[in-house]
There are 2 protein chains.
Amino acid sequence: MVTMQDVARHANVSIATVSFTINNTKPVSARTREKVEAAMRELGFRRNAVGRALASKRTRIIALLFPALQHSMSGTVIQFFTSAAATARELGYNLVLWPISNEAGQATELTANGLVDGVLLMEVELDDPRVQELQESGTPFALIGRTRAPEELTYVDINFEETLVAAVQHLTALGHRNIALLDDAIGSRSLAAFGPVSRSRDSFEAEMRRQDLVPTAFTCEANPAAGKAAAAEILAAYPGVTALIVQNEQAAPGLASGLRRAGRRIPQDLSVLSVASSAEMAAMVDPELTVLTSPGHELGRMGVAALIDQLEGRATSLRQELVMCRLEGGGSTGPVPAQEGPAQEEAVE
Amino acid sequence: MVTMQDVARHANVSIATVSFTINNTKPVSARTREKVEAAMRELGFRRNAVGRALASKRTRIIALLFPALQHSMSGTVIQFFTSAAATARELGYNLVLWPISNEAGQATELTANGLVDGVLLMEVELDDPRVQELQESGTPFALIGRTRAPEELTYVDINFEETLVAAVQHLTALGHRNIALLDDAIGSRSLAAFGPVSRSRDSFEAEMRRQDLVPTAFTCEANPAAGKAAAAEILAAYPGVTALIVQNEQAAPGLASGLRRAGRRIPQDLSVLSVASSAEMAAMVDPELTVLTSPGHELGRMGVAALIDQLEGRATSLRQELVMCRLEGGGSTGPVPAQEGPAQEEAVE
DNA sequence: TTGTAAGCGTTATCAA
DNA sequence: TTGATAACGCTTACAA
């Protein structure tokens, strides 16, 4: 290994000068800079990350804490991981992966050995114990998601509120008035505990009411079989429904096939709009689902950038960002069916 | 931060003794050990990872190199990431994520700053330039996958050979004789360049011939639309086919719907067996596909373990492991259709 | 503008 | 069985 000491000797300068040159941390004459750079080139010097970390008290490593029990959108998650790691690298950082259970206690343990400068927390719940834990341990952190009251926190999240407004408006623009939402039961967690579900549902209901429509919501587990069962349930409970908004990636294909099996053609008889899902998943269904895609890439990039800004003290203010889902084509939404429309509106109003 | 110095003072011993006690690296009297442990407990000491790394010349960090352009099985990948990270943690290591393009040159650059002790390489191609690069740079590494001649390398891979034998036998046991394979074009890479595809195809053909059957193979891009098109193509080129083996996760749903659209019921008229895919993906299709699932979890665990064994010099011999895919239920394979069977066998023989 | 030298928190060698 | 102490490779006052 070539050390700074080696470079210094080779360039006939002190080790401090080499450091100043590399880091641009003090003025260095052009002549010296050239000597040093030549020496580095000739020796193939690479500054050692560990020595640097020890001396500067900053490892330039950040950790991604994610729940080991992965239940959600895998397409989006992989996008997120990739872009988070790539962004970290661009900014001179490394990203370590820490799968943890949602219990408290683990985050601090991991953080206490000084390996990481900060932490990115995924799958944040509305009342997440890990947040307080991190605060108490003094670890800088940023959230992917939001707690119930995130005013004092750095976070990046999907703008579920506006996404659901966009979803409703996409469908009402097509003439739909009898619109139902199908969301996610997320295991045993209560509905209210999970931000994406509760924020979306609230926003769906508000936007429907704003348009003088009656909001109806259903929930099912995150798997195709549950989606299929939900299809039957929804059609029985709400026969006049002409459009469904699905925020449940795993259930969407089952829902579609359940609807088809019940004799409803998509989108001729019934429109289906998938929200906060991935384009790849939507493409698995036939016909391809119209989808408001989760911005996995943006969340990864912005989350890492927000955390690093904070670490480098260059955050002028708390970074709190919300990203919209983007509407992507697909053949599962269309105009409301002509003849049946009026009868069904009546039934609801 | 509580340092070893603090602990030493508090316990009235030297800092060396504290180190010996923590690491069990030299005998320590029971009495001293107690004093030290009490001091550590009282002060809440956590040994600093960076100081340790600098002194021991081992960071206990390993890197996962994966292609930034993700084209493959996302369900399996997330399993793999999670279990790799968890295993590393269990063994006292951290896993950093390095998304890189497949070009050479990047691996060395990342490795040269001494941040990681070793590297795990994903998506290995048969003639992977990164392998030579890592060898030349002297970085310890293990492969997830295999090069063309991996005799001298540490690797963990799916046993594609036996998996395809199992796939063929699963179908012949159900009476099928007219079996085709649909695999993956993997972008522009030539078929021969990618191990999973070429090994599987070779094994498929060998096992078919061994059973005196005629192997037929098709290829399509990794997306549902391509799968759908492939359905038509296959039925046209091979009308007598009664069973399909699909090694193309993204295309499988499209294939199934294409077959259905062509009037073939699954599995009554045609069996479909998905190989090297994830159970979640298989469940997206209706009926749920019978699948030989990729052992993402095992690959992650074993890959990390193999690398760390090597790093700690406790690898008695080169670790080279192949893991079978596991057959998981699903309703897409069944007995060969009774009446049409003979006629079609004839057509091929 | 450059150099000297004191850390940073451990490990590990050599003596005691 | 324990203690001094010299690394490890770099950053950063402080001096020159």
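Arg314(B) is partly exposed in this predicted model, at 44% relative accessibility. Its salt-bridge partner is Asp309(B), with the closest N and O atoms 2.2 Å apart. Asp309(B), in contrast, counts as buried, at 15% relative accessibility. A further salt bridge joins Arg319(B) to Glu321(B), and here the closest N and O atoms are 2.6 Å apart. Both of these residues are partly exposed: Arg319(B) has a relative accessible area of 23%, and Glu321(B) one of 24%. In chain A, salt bridges with shared partners link Arg58(A), Asp309(A), Glu312(A), Arg314(A), Arg319(A) and Glu321(A) into one network.

Helix H9 of chain B, residues 195–210, holds another pair. Arg210(B) and Glu207(B) form a salt bridge through their side chains, at 2.9 Å from N to O. The two are three residues apart in this helix, so about one helical turn separates them. Their surroundings are unlike. Arg210(B) is exposed, at 55% relative accessibility, whereas Glu207(B) is buried, at 5%. Over all chains, the count of salt bridges comes to 30.

The two protein chains are related by symmetry. Chain A superposes on chain B after a rotation of 180° with 0.0 Å of shift along the axis, at an RMSD of 0.0 Å. This is therefore the relation of a two-fold axis. Both copies use the same surface, as 100% of the contact residues of chain A recur in chain B. Within chain A, the residue closest to the rotation axis is Val96(A), whose C-alpha lies at 2.0 Å.

Next in sequence to this position is Leu97(A), a residue of the largest nonpolar core. That core has 87 residues. Those with the most contacts inside it are Ile62(A), Phe81(A), Leu97(A) and Ile245(A), together with Phe81(B), Leu97(B) and Ile245(B). Leu97(A) has contacts in both chains once its neighbours within four places in sequence are set aside. In chain A these are Leu64(A), Phe66(A) and Phe81(A). In chain B they are Phe81(B), Ala85(B), Leu95(B) and Leu97(B). A second core is separate and has 40 residues, including Phe141(A), Leu153(A), Ile61(B) and Leu110(B).

Leu54(B) also meets the other chain. This residue sits in helix H4 of chain B, residues 49–56. Leu54(B) is partly exposed, with a relative accessible area of 39%. Beyond its neighbours within four places in sequence, Leu54(B) contacts Val50(A), Gly51(A) and Leu54(A). Lys35(B) is 19 residues away from Leu54(B) along the chain, and their C-alpha atoms are separated by 27 Å.

Helix H4 of each chain also contributes to the surface near DNA strand C. Helices H2 (15–23) and H4 (49–56) of chain A, and H2 (15–23) and H4 of chain B, each supply at least two residues there. In total, 31 residues surround the strand, and the nearest are Thr17(A), Ser29(A), Thr32(A), Asn48(B) and Ala55(B). Sugar or phosphate accounts for 68% of the atoms of DNA strand C within 4 Å of the protein, and bases for the rest.

Individual polar atoms approach both parts of the strand. On the phosphate side, a polar side-chain atom of Asn23(B) lies 3.1 Å from a phosphate oxygen of DNA strand C. On the base side, a polar side-chain atom of Lys26(B) is 2.9 Å from a base nitrogen. Ala55(A) approaches a base through its backbone: one of its polar backbone atoms is 3.3 Å from a base oxygen of DNA strand C.

Terms used
Residues are numbered from 1 along each chain as its sequence is written. Chains are lettered from A and ligands numbered from 1 in the order in which they are written. This is a predicted model: local features need pLDDT of at least 70, side-chain atom pairs count only at pLDDT 80 or more; totals for chains, interfaces and linings use all residues. Side-chain values use heavy atoms; hydrogens and water are left out. A salt bridge is a side-chain nitrogen of Lys or Arg within 4 Å of a carboxyl oxygen of Asp or Glu. Helices (H or I, at least four residues) and strands (E, at least two) are DSSP runs, numbered from the N terminus. Buried means under 20% relative accessible area, exposed over 50%, partly exposed in between (1.4 Å probe, protein chains only). A nonpolar core is a set of buried Ala, Val, Leu, Ile, Met, Phe, Trp, Tyr and Cys residues joined through side-chain atoms within 4.5 Å. Contact means heavy atoms within 4.5 Å. Copies are superposed by least squares on the C-alpha atoms of residues with pLDDT of at least 70 in both. A residue is near a molecule or strand if one of its heavy atoms lies within 4 Å of it. A polar contact is a pair of N or O atoms within 3.5 Å; within protein, one must be able to donate a hydrogen and the other to accept it, and residues adjacent in sequence count only if both atoms are side-chain atoms.
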